[in-house]
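User: Please take a close look at the open sheet and at what packs against it, including any contacts between rings and charges.

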Amino acid sequence: MQILQDKKIVLGISGGIAAYKIPELVRRLKDQGADVRVVMTEGAKAFITPLTLQAVSGNGVADSLLDTQAELAMGHIELAKWADLIIIAPATADIIARITAGLANDLLTTLCLATDAPIALAPAMNQQMWHAIATQANVATLNERGYHLWGPGSGEQACGDIGLGRMLEVSELVNLSSDFFADKYLQGQHWVITAGPTREAIDPVRYISNHSSGKMGYAIAHAALRAGADVTLISGPVAISAPIGSKLISVISAKEMHHQALIYAKKCTTFVACAAVADYRVANIAEQKIKKTNDVMQLELVKNHDIVADVASLADKPFIIGFAAETENVEHYARGKLMRKNLDLIAANDVAKSGQGFNSDNNALTLFSAIDKTEIALANKQIIAQKLVSLINQHYLAKQS
Ligand code: C5P
């Protein structure tokens with residue numbers, strides 16, 4: 001069953017240029033099974049017509065508090081009670097201010113006062129307006145009151161400015177909606193996940209690294225967040241964005257990752273070591289760019305600390321999962337690492353197989369504990385991550401009991 005199946009969503013549109021993206025959002029939410037009813041402010045109608053939204057939602061669009069016909073069909077109190085979730089997208093500085101002040105001077109603000117459904121805001125405004133003291137104070141107040149802030153994102157704005165204030169992309173809003181309704185079975189847990197490669201400097205312009213894209217670690221972070229965990233992502237340099245809601249700690253070298261991991265591991269319930277940490281670093285990093293004067297050049301390398309093994313030797317250690325990327329004898333090597341590094345679980349993948357593992361969107365894993373093994377069949381890394389997170393939690397709970 002789709003996660004938004006039969007979920008009742010009131011989609012409030014206020015008057016910002018990003019309103020032109022909302023018909024697509026309505027369609028994507030409906031594709032996932034949601035029943036969507038659109039409410040528009042007067043300002044929203046300057047950007048997009050109620051007729052368009054009626055056509056895509058398949059429901060009448062409400063835009064007035066004092067409309068006798070609309071009140072007869074589904075009155076505003078009825079609509080406020082009907083909703084499982086209210087999403088306001090785009091949420092302008094004005095509607096954010098009016099909601100914070102508790103005004104009820106149009107249908108959308110009245111609904112916000114009259115509902116006990118959760119309310120998510122997808123802010124969209126000029127970056128200066130977003131950073132304005134008044135807006136920031138309003139957003140902080142709404143945060144405290146339990147409103148959900150979905151965004152804003154950063155980038156080029158309709159007015160030509162660049163900065164924070166863009167409405168999140170439609171696909172991100174759909175993901176957040178489906179995450180919202182997902183089972184929060186990790187509530188109260190704090191996961192720390194290492195991800196991506198590390199870079200070991202040779203000189204100011206060169207480094208040694210590997211092909212890790214960070215996709216698997218980031219997918220695990222997303223799956224853990226979706227299940228309600230607090231997530232800290234300690235990541236080497238990658239080209240992808242951290243999942244919304246995670247705390248990102250960006251590092252470059254194995255040494256930095258080691259330092260941060262040992263700080264955060266002390267505060268977490270679960271530690272997932274997904275990073276492809278460089279095994280060695282350059283013994284003496286050149287202060288200046290090395291010149292190509294010699295035909296042969298030798299680098300002396302020294303071994304990096306093993307991050308996950310050091311976390312596993314903490315007195316008050318969390319539940320620990322390592323990864324083993326192998327090209328042969330997968331089970332043998334994975335079980336060896338599980339024992340040697342003193343881990344609770346190890347997720348092994350065969351990186352010699354094409355179409356999975358490093359840099360790919362897909363993966364297949366085998367999860368080993370000291371006593372059993374579970375296969376997670378080839379699938380998209382998001383799906384693999386959701387299955388893996390659920391399995392990790394089952395082992396974690398078994399260990400607690
Ligand atoms: O020994 P190997 O590098 O194959 O072990 C892989 C596991 O150990 C992964 O979980 C990886 O994140 C972790 N690791 C680490 N620090 C290192 C090397 C590996 O945390 N220096």
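Analyst: A charge sits over a ring if NZ of Lys or CZ of Arg is within 6 Å of the ring centre and within 35 degrees of the ring normal. By that criterion, Lys 267 places its charged end over the ring of Tyr 264, 4.7 Å from the centre. The model is predicted, so local features need pLDDT of at least 70 and side-chain atom pairs 80 or more, while totals for chains, interfaces and linings use all residues. Residues are numbered from 1 along each chain as its sequence is written, and side-chain values use heavy atoms, without hydrogens and water.

The open sheet has eight strands (DSSP runs of E, at least two residues, numbered from the N terminus; a pair needs at least two bridges), ordered E12-E11-E8-E13-E16-E17-E18-E19 with mixed pairing. Strands E12 (247-250) and E19 (373-380) each have a single partner strand, so one side of each is left without a neighbour in the sheet. From one strand to the next, the twist averages 20° (N-to-C axes fitted to C-alpha atoms, 0 to 180 degrees). Helix H11 (residues 254-265; helices are H or I runs of at least four) touches E8, E11, E12 and E13 (heavy atoms within 4.5 Å), its direction making about 165° with that of E11.

Within the sheet, E16 (residues 319-326) and E17 (residues 345-350) run parallel, joined by six bridges, and Glu 326 stands opposite Asp 350 in E17. Helix H14 (residues 381-400) lies across strands that include E16 and E17, and runs at about 160° to E19.
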